[in-house]
Amino acid sequence: AEGPPRVVWNHKMALSLARHNALRATAAPVLRRTAWGAPDLSQVPGVPLNVPLYDEPAQAAPEGLVPTPQTQVTVMANGLKVVSQGHTSAVATVGVVVNAGSRFETPANAGTSYMLQLLAFTSTGSRSHFKMVRDLETMNAQTAATAGREQMIYSATALKPHAKDLVEVLAETTLEGNFVEWELAEKKAYYANDIADLASNPLQFVTEKAHTAGYSGSSLGSPLMCSAKGLANLTPDVLGSFMETYYTPSNMVLAAAGLDHDELVKAAESAFGTVPAGKAPPPPPKAQYTGGEYREVVDSDITQFGLAFEGVGWMDPDFVPVCVLNMLMGGGASFSAGGPGKGMFSRLYVNVLNKHAYALNAATSNAVHSDSGLFLVHGTAPASHVGALASVLVEEMAAMGGKPFQADEVLRAKNQLKSSLHMNLESSGILFEDLGRQVATYGKRINPDELCKQIDAVTPEKLSEVAKRILKSPPTVVVHGDITAVPSYPIIAKNLS
């Protein structure tokens, strides 16, 4: 059998290596060679990894060596926005983003968005659920649907030759929903299970209740899932009326990661082109953050604590600084593998998780919407210590607005944010979502290089200004578990002020 390709060991490499060895030892070691003739460098002692083996200085890669993918946007005659960006993978992700969600619901149709998520890629006017599943299996496609407060996302991932067929499937599931009674009954059973299981996902539960309490149950405070009793209101007529109002081409974006733009536009014209633009949907109620609290007594050994403030929206000039602030505060679980980029030097790790053994989890998150948002810190501790954890997190958030930020921690947070941004966009699914969400929100796409420039421009003084702005809003408190030891709302608000 042929071995690995022969490595050319030139005289410059050998000379450089000999110089290092001369500094480390009086006699240079005899290098063993691998099976294919190259020196076995594992036998070389004392050569630091940051010392180059070449005498020549490092040279920058020539410009244009790797072409930068370009984002292209086309607006069709009926208002449908089509956006794409190519990549070299054999797999492509294509999907639809709809400007609709729980924020657009009323008491009469509460929970519709989540039900539409469950009914995605089932029966349509052109295919039965059985045929839909078989066709997707034939393409080896992976599908997903996600309901949010302001946007619904449908996506499918498959090999690039199946792109046209995926676009047809997406058009059917978003424009030709056929709500068969038995399928609806089956999905209502799944819906009821998801309602019951919400508390098993602590971060999702705390975030959901923080929205409900912080926005007084309206607009952004409308719950993503209705109550178990409210499932009876989700009839085919209610679901169909919601889709007829909001699922119109002018209110949708077709996005793709990994497809040729002209090919995508051609497929869009075939699947969506004959659909009329429809009326512009009514705008959602304005978000009004009020602060508040939600406490639920649960017989559990673990208690969840959340503390939220009003953050910023997508259009806010402080959006990027708040993202840097969220990364700087950081946090995570009490157990971590560590390593670069894991947030081990964030404030919540240094000041909370590393000092208080009872803290099982402490982390910030940033929920961003069109005109408002939530900046949330979430902690988990045994019921016997949750009062202490709540006090520590309140103190840490108060210090966020009063303790100056150091240059090194700000630089670290900015580098982590830029690294996370670029690494996430290597995923076809995340790139698709970024394309679709940005065009649906801004009408265009801001490229990563521009975002990195905005991140680099953030200063410690700007972060202090943003932190003070966030802490001026009334707090929202969420407790799930043993609530007896958690300080009252007035005490928490007083300590923050």
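This dialogue walks through a buried serine, a strand and the cavities of a predicted model.

Colleague: Where does Ser123 lie, and is Ser123 buried or exposed?

Modeller: Ser123 lies in the loop that runs between helix 2 (112–118) and helix 3 (129–138). Buried means under 20% relative accessible area, and because Ser123 has a relative accessibility of 7%, Ser123 counts as buried.

Colleague: Which residues does Ser123 touch, leaving aside those up to four places away in sequence?

Modeller: With those left aside, Ser123 touches Ser128 and His129, and also Glu176, Gly177, Asn178, Val180 and Glu183. With one of these, Glu183, the contact is also polar, as the side chain of Ser123 and the side chain of Glu183 make a polar contact at 2.5 Å.

Colleague: How should I read strand 2, and which strands are joined to it by bridges?

Modeller: As a general idea, the side chains in a regular strand alternate between the two faces of the sheet. Here, strand 1 (residues 71–75) is joined to strand 2 by 5 bridges, and the two run antiparallel, with Gln72 having Ser84 as its bridge partner in strand 2. Strand 2 is also joined by 5 bridges to strand 6 (residues 252–257), and this pair runs parallel; Gln85 has its bridge partner, Ala257, in strand 6.

Colleague: How many residues stand between strand 1 and strand 2 in their hairpin?

Modeller: The hairpin has 5 residues between the two strands, and in its turn Gly79 has a positive phi of about 95°.

Colleague: Why is strand 2 described as largely enclosed by the rest of the structure?

Modeller: Strand 2 covers residues 81–85, and 4 of its 5 residues are buried, so the strand is largely enclosed by the rest of the structure.

Colleague: How many cavities of 30 Å³ or more does the structure hold?

Modeller: The general approach is that rolling a probe the size of a water molecule over the atoms shows where empty space is left. The structure holds 2 cavities of 30 Å³ or more, and the largest has about 90 Å³ of space. Its lining consists of 13 residues, of which Leu119, Thr122, Thr173, Gly177 and Phe179 are the closest to its centre. By class, this lining divides into 6 nonpolar, 6 polar and 1 charged.

Colleague: Which helix gives the largest share of the lining of the second largest cavity?

Modeller: The second largest cavity has about 40 Å³ of space, and helix 9 (319–329) and helix 12 (407–424) are the elements that give two or more residues to its lining. Helix 12 gives the largest share, 4 residues. The lining of this second largest cavity includes Met327, Phe345 and Arg412, and by class the lining has 4 nonpolar, 2 polar and 3 charged residues.

Technical notes:
Residues are numbered from 1 along each chain as its sequence is written. This is a predicted model: local features need pLDDT of at least 70, side-chain atom pairs count only at pLDDT 80 or more; totals for chains, interfaces and linings use all residues. Side-chain values use heavy atoms; hydrogens and water are left out. Buried means under 20% relative accessible area, exposed over 50%, partly exposed in between (1.4 Å probe, protein chains only). A polar contact is a pair of N or O atoms within 3.5 Å; within protein, one must be able to donate a hydrogen and the other to accept it, and residues adjacent in sequence count only if both atoms are side-chain atoms. Contact means heavy atoms within 4.5 Å. Two strands pair if DSSP finds at least two bridges between them. On a 1 Å grid over the protein atoms alone, a cavity is a set of points where a 1.4 Å probe fits but cannot get out, and a pocket is an open set with protein on both sides within 12 Å along at least five of seven lines; lining residues have an atom within 4 Å of a point. Grid points are joined across faces, edges and corners, and a volume is the space filled by probe spheres set on the points. Ala, Val, Leu, Ile, Met, Phe, Trp, Tyr, Cys and Pro count as nonpolar, Asp, Glu, Lys and Arg as charged, and the others, Gly among them, as polar.
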